[in-house]
Every structure is written in structure tokens, then in C-alpha cells.
Amino acid sequence: MSLALHTFNGVLASIPSPPVSYIDLGPIRIHFYALCIIAGIIAAALITNHRLTKRGAEPWVVIDISILAVPLAIIGARIFHVLTHPNFYFGEGKNTWNPFEPGSVWAIWEGGIAIFGALIGGAIGAYLGCKWTGIRFWTFADALAPGLLLAQAMGRFGNWFNHELFGLPTDLPWGLEIESTNSAFPPGLPEGTLFHPTFLYEVLWNGLGVLVLLWLGRKLFFQWGRLFAIYLIWYSAGRVVWESIRIDPSEIILGLRSNVWAAIIGIVVGLAILVVQTRRHPGLEPSPYQPGRGRKDVDADVESQDNPSDFVDVSEPPSEEITAGASATSTAPSDAEGSR
């Protein structure tokens, strides 16, 4: 099957699924799904590093945080998938625990990870990494938000290569071709039926979200985790829609797919972060570092001073001579401690 978009009389007629989903290099099989995820992680790390160093953090401190955040995100993603698809792994005739046979809970290489689990596990790892490096957790979260959404967009191409997670049947000109031998192909439908390319919908939604977050990130209001809150709301709102038209098996809770409930919770959490952090921190972040912590490369230049319109300039103000006997013209704000 050609990878080119199929057309009829010059008009888009369908989107084919890729004919291969992996390559073999000797005894090693490399899945394109994994390459998409790895590429997304690299892109997110590069963007987050740029945004953190521009804010005043030590260059590549993101690597130290990622050492904990990425593995815990993968573990969380797998656990969440297994718990929300118990019929895949538990019950009579299922191979639940033997990693040397197909279908075990350990066989992440067979597919099966959930982004909401990755967010939970990754948040725990990022919190621990921030405690280790001295970076404020919310500063890191805000710096991460655009890159994380881009990584999710890139990862969705892995679902395209795997011929999975498509939506309801459609006769729209951008319908996705799925072979009738696919285990997820609904029984009773004729061969050649097209389906909503939910992977593409999410790629476009997330890509637009990256631009929105980068634009909002230039405004000083979106500190203290407020930009990450917008990320949660944006991404979760899209997932409510895409999950509602997907037809892959999922646990149904009170009439809704489990991931729809997870997305609704994501919206609520995002709104809660936005409200709470706005009330707790009406001012600006004084530094990307926690109180009493700072850069290890103390002699390095702080890049955020090059463009103070983007972020807060945390440098000391120039000293001024005070005429003897002159009275003070200002006093320190009483709520300085509350804006840390």
C-alpha cells in the first residue's frame, strides 16, 4: 500500500496506513512507534532546556531532571494502560506475569501505554528531579509545557504506523484506510471502510496548542504553573473529543470511556492549578531556583538578562548613592515572602 495520500480526480480520497511498522537490524527489531516517542522526548528536552536557560537556569539541568522523570513517566504510562484495560491482561487464559511469553503486563514493547499515566509518573519524577537540582517545580512545568505537547503530537504518528486507535467509520475525503484483517476492524463492516484518523486530529490539535503555549509563555502572568495549567486544559479538552469517536476497546465507566474521564479530570486539575496559583502567587517568580538554591556554574552569564521582555530579570539592581540625611523613598513590600 502506497504511503502517498490516495486521490480521486485530484481530490483527497483517503489516507493509507503505512505498510510497515518496524525494521529489523539483525536480531534487533526497531518499532517506528518507539522512534516517534524517542524523537518526541528529544524535542521536548531541547525546547525545555532552551526555555529554562532563558529563564536563568543552568544549561542542561533538564537532563538531570529527565533522568528521573522519563523512566517514571514510562512506568506510569504502562501501569495506567494495564489498569484501564484489565481484560487484556487478567483472566482465564491470559499470560499476566510471564515476560517471556506474549501478552504479559511487562511486554511494553508490544504496545500499550497511556499518556495520562505518563503525566502522573512524569510529574512524580519531575518533582523529585527538581528537589535534587533546586529548580522550582512549577518553573520546570511551565518550561516543559510546549515541548511536552509537541512530543505528544510526534508520538501520535506511532499510532499511525501501528494501524491503531482510529475512530468511527467515515466517508470524509481524509478517511483512514485500515485493512479488514486488523484485529480492531469492527466486524460486519465491508472491506475498504474508512475511519476517522484520530491520530491526525490530535497531531493538528496539539500542534496548534504548541503555538498557543509559546505565545502565552511570553507573558509574565503565565508563571507559577499557570502555563502548565493551560496545557492540561488544552490537551485534555481535545482528548475528550477524540476519545469520544475512537472505537478501540476501553473500560466504560458510567457510560464514558475511562480516558474520557481521565481527560475531564485533567481539565478540572488544570482549572484548579490556574485558580489556586493565581491566588497564592499574584506576583512574579523571583528566580527559577528554590529559596537557598542556585546555579552551580555561578560564573556563567544568565541568558534571561539578554531579553527581559520575555522573563523576569533576576539580576541585582544597580546601587545608587544616597545623600546623607535623605529619607527612604520606598519600603519593602510586606508580601515579599509570599511571592517566592
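# Briefing: burial, cores and voids in a predicted model

T193 counts as buried, with a relative accessibility of 14%; the cut-off for buried is under 20% relative accessible area, for exposed over 50%, and partly exposed lies in between (1.4 Å probe, protein chains only). The model is predicted: local features need pLDDT of at least 70 and side-chain atom pairs count only at pLDDT 80 or more, while totals for chains, interfaces and linings use all residues. Residues are numbered from 1 along each chain as its sequence is written, and side-chain values use heavy atoms, with hydrogens and water left out.

**Overall make-up**

- Eight helices and eight strands are present in the chain; these are DSSP runs numbered from the N terminus, helices being H or I over at least four residues and strands E over at least two.
- Of the 340 residues in the chain, 43% are buried.
- Taking contacts between residues at least 6 apart in sequence, 71% join residues at least 24 apart; a contact means heavy atoms within 4.5 Å.

**T193**

- T193 sits in the loop between β5 (176–177) and β6 (194–195).
- The T193 side chain reaches the backbone oxygen of P190 at 2.6 Å.
- With residues up to four places away in sequence not counted, T193 touches P169, L176, I178 and F185.

**R156 and the second largest cavity**

- R156 is covered by the annotation "binding site" in an unreviewed UniProt entry; UniProt positions follow the numbering used here, feature names are shortened, and annotations may be inferred rather than shown by experiment.
- R156 belongs to helix α5 (residues 137–161) and is buried, with a relative accessible area of 12%.
- Beyond its neighbours within four places in sequence, R156 contacts L165, F199, E202, V203, Y235, R239 and R246.
- The structure has two cavities of 30 Å³ or more; on a 1 Å grid over the protein atoms alone, a cavity is a set of points where a 1.4 Å probe fits but cannot get out, and lining residues have an atom within 4 Å of a point.
- The volume of the second largest cavity is about 50 Å³, where volume is the space filled by probe spheres set on the points, and points are joined across faces, edges and corners.
- R156 is one of the residues lining the second largest cavity, along with N159, L165, T198, F199, E202, W242 and R246.
- Helices α5 and α6 each supply at least two residues of this cavity's lining, and α6 gives the largest share, three residues.

**R257**

- R257 lies in strand β8 (residues 256–257) and is buried at a relative accessible area of 10%.
- The side chains of R257 and E243 make a polar contact at 3.0 Å; a polar contact is a pair of N or O atoms within 3.5 Å, where within protein one must be able to donate a hydrogen and the other to accept it, and residues adjacent in sequence count only if both atoms are side-chain atoms.
- A polar atom of the R257 side chain also lies 2.8 Å from the backbone oxygen of D248.
- Leaving out residues up to four places away in sequence, R257 touches E243, R246, I247, D248, S250, E251 and I252.
- The C-alpha atoms of R257 and V240 are 9.4 Å apart, with the two positions 17 residues apart along the chain as the sequence separation.

**Nonpolar cores**

- The largest nonpolar core has 36 residues, and I135, F140 and Y231 have the most contacts inside it; such a core is a set of buried Ala, Val, Leu, Ile, Met, Phe, Trp, Tyr and Cys residues joined through side-chain atoms within 4.5 Å.
- Two or more residues of this core come from each of α2 (61–84), α4 (115–133), α5, α6 (198–216), α7 (226–245) and α8 (258–280).
- Helix α7 contributes the most to this core, with eight residues.
- Another core, of eleven residues, lies apart from it and includes I15, C36, F166 and F195.

**Second largest pocket**

- The second largest pocket holds about 250 Å³ of space; a pocket is an open set of grid points with protein on both sides within 12 Å along at least five of seven lines.
- Its lining has 13 residues, of which R136, F137, W138, W224 and Q290 lie nearest the centre.
- Helices α4, α5 and α8 give two or more residues to this pocket's lining, and the largest share, three residues, comes from α4.
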